[in-house]
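Trainee: I would like to look closely at a single part of this model, together with the side-chain contacts around that part. Please take me through it in one connected account, giving the cut-off behind each term as you use it.

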Amino acid sequence: MKNPLLFILIGLTTLAGCSEMGSKDGASVSPNGGSGTGGSMARFAVAGNFLYVVNQHSLQVYDVQKSADPNSLSKVSLGFGVETIFPYNNHLFIGTQTGMYIMNLENPAKPQQTALYRHIFSCDPVVAQGNYAYVTLRSGTSCNTGPNRLEVVDISNLANPVQVHSISMTNPHGLGIDGNLLFVCEGDAGLKVFDASDPVKLKLIKTFEDIRSYDVIPNRSVLIVTGKDGIFQYRYGASQQLTLLSTLPVEN
């Protein structure tokens, strides 16, 4: 019999969303804390022996201790328009078209809702670092009534997330943060890099207009960018410049 987990992961790439192209990224998180390295447009995350999958309406949990025989454990209904999942500090941040769910993993087999941060109808990737979560809201194929902006949410009290800053954007997609650098994809409008040393007062450092970007994964001074033109790796650092390391073109 073929591995049913394989079918689960393959199926993730066909889930409908508000993006132009389905994300194949997953993210990982230590069951004892830590941040993931997956993209902000990911639809699944792994923590210890558990796989967390979001579809249009729910969060599904699988025990994958035996990879050849994954066991479905629980399902949490989240309404409609569920899009993305990002793991951070023993929590799952789940983006939907109407808000961001914060789910705790104290019992990893049965995630529990800690809070729901609501926003107006829009596409909604999310990442988190420290006491702040960063959310991009944009118009898109299935959420074309939404705004185009970047929101900063104070999550120091996870049970009561509060918006503390917002910036108008062109058409923001995925995003990623590493230390004081926040990378925000603007689709055909390029890639924006912000100074996030003060999250409440983000400062735009530079816009790379020639980088058509859909999602990013920053990790140890290497930035992986996905977009219409392919997959790119860039080196970044204190100079706040991007140096191209490699290119994997794709045919449109």
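Mentor: What follows is a close look at one sheet, its hairpin and the contacts around it, with a second sheet set beside it.

This is a predicted model, in which local features need pLDDT of at least 70 and side-chain atom pairs count only at pLDDT 80 or more, whereas totals for chains, interfaces and linings use all residues. Residues are numbered from 1 along each chain as its sequence is written, and side-chain values rest on heavy atoms, with hydrogens and water left out.

The part to look at is an open sheet of 4 strands in the order β14-β15-β16-β17, with antiparallel pairing; strands here are DSSP runs of E with at least two residues, numbered from the N terminus, and two of them pair if DSSP finds at least two bridges between them. At its edges stand β14 and β17 (203-208), and each has a single partner strand, so one side of each is left without a neighbour in the sheet. From one strand to the next the twist averages 20 degrees, the strand axes being lines fitted to C-alpha atoms and the angles running from 0 to 180 degrees between N-to-C directions.

The hairpin at one edge can be followed residue by residue. Strand β14 (residues 175-178) and strand β15 (residues 181-185) run antiparallel and are joined by 4 bridges, and Asp178 stands opposite Leu181 in β15. The hairpin has 2 residues between the strands, and Gly179 takes a positive phi near 65 degrees.

Strand β15 also leads to an aromatic contact. Rings of Phe, Tyr and Trp (for Trp, its six-membered ring) pair if their centres lie within 6.5 Å, and planes under 30 degrees apart count as stacked, over 60 as edge-to-face and the rest as tilted; the structure holds 2 such pairs. Phe183 and Tyr236 are edge-to-face, at 5.1 Å centre to centre with 65 degrees between the planes. This pair links distant parts of the chain, since Phe183 is in strand β15 while Tyr236 is in the loop between β20 (230-235) and β21 (243-249), 53 residues apart. Phe183 and Tyr236 are both buried, where buried means under 20% relative accessible area, exposed over 50% and partly exposed in between (1.4 Å probe, protein chains only). In the pair of Phe232 and Tyr234, the ring centres are 6.4 Å apart and the planes meet at 35 degrees, so this pair is tilted; Phe232 and Tyr234 are buried too.

Charged contacts come next. A salt bridge is a side-chain nitrogen of Lys or Arg within 4 Å of a carboxyl oxygen of Asp or Glu, and by this rule the count comes to 5. One of them joins the side chains of Lys192 and Glu186 at 3.1 Å, N to O; Lys192 counts as buried at 15% relative accessibility, and Glu186 is buried at 1%. Another is formed by Asp188 and Arg212, with the closest N and O atoms 3.8 Å apart. Asp188 lies in the loop between β15 and β16 (191-195) and Arg212 in the loop between β17 and β18 (215-219), so the pair ties together parts that are 24 residues apart in sequence. Asp188 is partly exposed at 47%, as is Arg212 at 27%. A network of salt bridges links Asp188 and Arg212 with Lys228 and Asp229.

At the surface, Val162, Val164 and Val200 make a nonpolar patch of about 170 Å². Patch residues have over 30% relative accessible area and no salt bridge, with like charges joined within 9 Å and nonpolar side chains (Val, Leu, Ile, Met, Phe, Trp, Tyr) within 5 Å, and accessible areas come from the Shrake-Rupley method with a 1.4 Å probe, where for residues only the protein chains shown count as cover. Val162 belongs to strand β13 and is partly exposed at 37%.

To set beside this part, there is an open sheet of 4 strands in the order β6-β7-β8-β9, with antiparallel pairing. Its edges are β6 (82-88) and β9 (112-118), each with a single partner strand, so one side of each is left without a neighbour in the sheet. Neighbouring strands there are turned by 20 degrees against each other on average, direction ignored. β6 pairs with strand β7 (residues 91-96) in the antiparallel sense over 6 bridges, and Phe93 in β7 is the bridge partner of Phe86.
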